[in-house]
Amino acid sequence: PKPLPPPTRSLPILPPLSAGRWQQAAAMAVTSFDGQFSFKQDSLARLGQRENKKMSGAQYEAFQNSPFMQSVRKCDDLTWTFTCSRDQKRAETDPSFQPKDEDFQAPKAHAYEKGINYYKVLGIDEYAPLEEVKKAYKKLSLVYHPDKTAGLSQEQKEEYAGIFIELKNAYLTLGDQPTRRQYDRDRDRDQASFQINGWKPKVRAHFDASEMLKKLQEMKKPPGKVVDVHVTAKLEKFFYGAHKKITRMRRVKDFMGFTTQNRTYRVDIPRGAREPFECAFRQQGDHHEETSPDTVNFVIACKPHDVVERRADDLLCKSVIYLGAQSLSESYVTAQVPSVRGRHLLLWGRNPFYSVPGVAGGNLRVRVRGEGLSQEGSFHFMCRLGTPSSDAMAASVYSGGGSSPSNRTSASAGGGPNASTNGVGGSGDDKNVVTIRHMQTEGKVWLRVTKSFTMGEIKQKLITVLGLPRGSTVRLLQQISGGFTPYPDRQMLLGLTKLNAAGTTWHGVELDASRSTALFRRLAAVVESDDFQAELAQVRKFASQS
């Protein structure tokens with residue numbers, strides 16, 4: 001067959017065009033090219049002229065008995081079964097529901113998408129009455145309506161706006177009876193086609209209001225209990241301000257029932273917080289069936305501190321600060337007072353006991369405002385003139401290549417033959433054996449001192465016992481998070497039994513001839529003393545009786 005000639009059109013007579021006008025006309029001609037007509041022409045050239053012939057009776061009967069038409073009739077029958085079953089269930093739940101055949105020819109109130117489950121969008125049942133549809137839409141609109149999103153971020157507002165559009169489309173579809181029946185029939189036809197032909201219907205992701213409705217229902221429950229949980233925190237957290245993590249097990253309800261899980265709570269403690277400090281986590285405790293979740297109220301108190309004691313907003317230094325022997329004769333006094341970790345107070349001022357006749361010692365009580373837990377709080381400490389008594393300063397030194405204090409060798413602090421013999425063998429309730437270890441050489445020295453010894457006095461005693469040269473440096477270190485820091489010289493030993501040392505290297509006490517002689521002389525003097533002999537007699541008597 002020959003191609004059809006292009007259609008003739010009557011065109012108006014145009015005046016002659018310039019070169020530029022001809023280019024514009026050519027561009028217009030290309031733009032107005034009829035692609036559909038060209039496709040028809042190409043089809044005729046390849047396939048020839050096709051005549052539309054009507055089917056004969058035998059052809060129509062064969063077409064109706066074809067597998068395709070049998071599948072279509074089965075799908076229509078199953079769809080009608082689903083529709084009748086749905087109408088019957090809706091009539092049972094909604095007495096006002098009256099289905100009509102005209103509903104399927106009525107215009108749609110909304111151009112719905114059958115791939116979206118609008119029932120889940122509103123969080124209702126598929127057979128819910130019209131009143132329940134309105135209630136669900138109204139309840140969710142109070143949350144996602146643009147007028148209710150004031151105070152949210154721009155990202156949250158856009159998210160809520162998209163959800164509200166889905167809610168509105170769902171209400172327009174399910175709130176109108178003809179549109180709802182047409183929507184249900186289309187979804188029933190997809191379900192029937194899936195059962196017969198195996199064609200899975202297309203589903204589009206959408207908003208599910210089930211979780212939000214559960215939350216709104218939980219809000220209507222009576223409030224749960226308030227559970228007080230008592231915990232302690234370091235004093236430094238109250239002084240500097242910090243956060244504390246608390247892990248606690250709680251009972252949680254999910255779709256499987258009740259389970260237990262560990263929950264970590266973060267409590268921010270502001271600087272200078274009152275004690276006890278309370279922080280409540282509303283509805284974040286154990287879940288219950290009949291009431292809302294419990295409220296967990298953490299009651300936080302300070303842990304006991306080694307150096308200071310808290311009294312309201314004030315801090316009190318536990319130890320007495322000795323000002324040294326020179327404080328009795330100097331017009332100015334200095335002291336370094338320990339406080340909470342990472343903080344020391346340096347005192348310098350006039351000596352109130354200077355040139356006062358008849359004064360051999362005294363206590364100086366100091367109050368520093370603004371150094372407590374808050375600006376209104378104060379730091380209190382007591383300074384004492386002089387040093388600990390000479391008896392308390394006597395020490396027994398134990399040293400050796402790995403020897404323990406049970407097999408100790410004592411040496412005099414002075415190291416000479418005329419050293420006093422009263423320093424060995426005496427014992428008191430406030431005396432303590434402290435182990436000093438050099439962190440570099442692993443050398444050890446054991447000193448027998450009193451609990452009132454300061455770190456500065458222990459350093460001086462250590463230099464004397466070890467016989468270190470003049471200008472040697474000795475630092476006593478305490479371990480903190482992240483490393484070590486020196487002890488203040490005015491800090492008392494109290495209950496410490498182990499100290500780390502750094503500075504000038506040493507391995508232990510070197511016992512030369514003079515020191516060994518002085519050691520044995522002191523031991524002999526102690527053994528020959530009346531007190532020692534009396535104690536030895538008591539020990540022998542006890543041993544014979546046992």
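User: What share of the residues of the protein counts as buried?

Analyst: Keep in mind that this is a predicted model. The cut-off for buried is under 20% relative accessible area. Across the 546 residues of the protein, the share that counts as buried is 35%.

User: And the accessible surface: what part of it belongs to carbon and sulfur atoms?

Analyst: The total accessible surface of the protein comes to about 35000 Å². The part that belongs to carbon and sulfur atoms is 52%.

User: How many helices and strands are there, and how much of the contacts comes from residues 24 or more positions apart?

Analyst: The secondary structure comes to 14 helices and 18 strands. Taking the contacts with a separation of 6 or more, the share from residues 24 or more positions apart is 65%.

User: Let's look at open space. Which element gives the most to the lining of the largest pocket?

Analyst: The largest pocket holds about 750 Å³ of space. Its lining counts 30 residues, and H305, D306, V307, R341 and Q478 are the closest to the centre. Two elements each supply at least two lining residues, β16 (474-480) and α10 (235-240). The one that gives the most, with four residues, is α10.

User: Which class of residue makes up how many of that pocket's lining?

Analyst: Sorting the lining of the largest pocket by class gives seven charged and ten polar residues. The nonpolar ones number 13.

User: What about closed space: how many charged residues are in the lining of the largest cavity?

Analyst: Searching the whole structure turns up one cavity of 30 Å³ or more, and the volume of the largest cavity is about 50 Å³. Its lining is made of T83, R86, D87, F104, R181, D184, R185 and D188. By class there is one nonpolar residue and one polar residue, and the charged count is six.

User: Which helix has the largest share of that cavity lining?

Analyst: Two helices each supply at least two residues of the lining of the largest cavity: α4 (67-93) and α8 (177-197). The largest share is four residues, and it comes from α8.

User: Some of those names sound like salt-bridge material. Which residues are linked in a network?

Analyst: Side chains of opposite charge can pair when their charged atoms come close. The structure holds 16 salt bridges. R86, D184 and D188 are among the residues in the lining of the largest cavity. The residues linked in a network of salt bridges are R86, E126, D184, R187 and D188.

User: Which parts does the K459 and D489 pair tie together, and how far apart are they in sequence?

Analyst: The side chains of K459 and D489 meet in a salt bridge at 2.9 Å, N to O. K459 lies in helix α12 (residues 455-466), while D489 sits in the loop between β17 (483-486) and β18 (498-503), so the pair ties together parts whose separation in sequence is 30 residues.

User: In that pair, is K459 buried or exposed?

Analyst: Its partner D489 is partly exposed, with a relative accessible area of 35%. Buried means under 20%. K459 has a relative accessibility of 18%, so it counts as buried.

User: Where do D42 and R46 lie, and what is the N to O distance of their salt bridge?

Analyst: Both residues lie in helix α2 (residues 35-47), four residues apart, about one turn of the helix. D42 is partly exposed at 40% relative accessible area, whereas R46 is exposed at 53%. Their side chains meet in a salt bridge with an N to O distance of 3.0 Å.

User: What about R266 and D268: how much relative accessible area does each have?

Analyst: The side chains of R266 and D268 meet in a salt bridge at 3.4 Å, N to O. Both fall between the buried and exposed cut-offs of 20% and 50%, so they count as partly exposed. The values are 47% for R266 and 49% for D268.

User: Now the backbone. Where is the proline that follows a cis peptide bond?

Analyst: Most residues other than glycine have a negative phi, and most peptide bonds are trans. The bond from E275 to P276 is cis, with omega near 0°. P276 lies in the loop between β3 (257-269) and β4 (277-281).

User: What is the phi of A312, and what is the phi of E442?

Analyst: A312 is in the loop between β6 (308-311) and β7 (314-317), and at 57% relative accessibility it counts as exposed. E442 is in the loop between β14 (431-438) and β15 (444-450), and with 47% it is partly exposed. Neither is a glycine, yet phi is positive: near 60° for A312 and about 65° for E442.

Technical notes. Residues numbered from 1 in each chain as written. Predicted model: local features only at pLDDT ≥ 70, side-chain atom pairs only at ≥ 80, totals over all residues. Heavy atoms only, no water. 1 Å grid on protein atoms, 1.4 Å probe; cavity = no way out; pocket = protein on both sides within 12 Å on 5 of 7 lines; lining within 4 Å. Points joined across faces, edges and corners; volume = space filled by probe spheres on them. Nonpolar A, V, L, I, M, F, W, Y, C, P; charged D, E, K, R; others polar. Buried < 20%, exposed > 50% of the residue type's maximum accessible area, 1.4 Å probe, protein only. Contact = heavy atoms within 4.5 Å. Areas by Shrake-Rupley, 256 points an atom, 1.4 Å probe, with all protein chains shown as cover. Salt bridge = Lys/Arg side-chain N within 4 Å of Asp/Glu carboxyl O.
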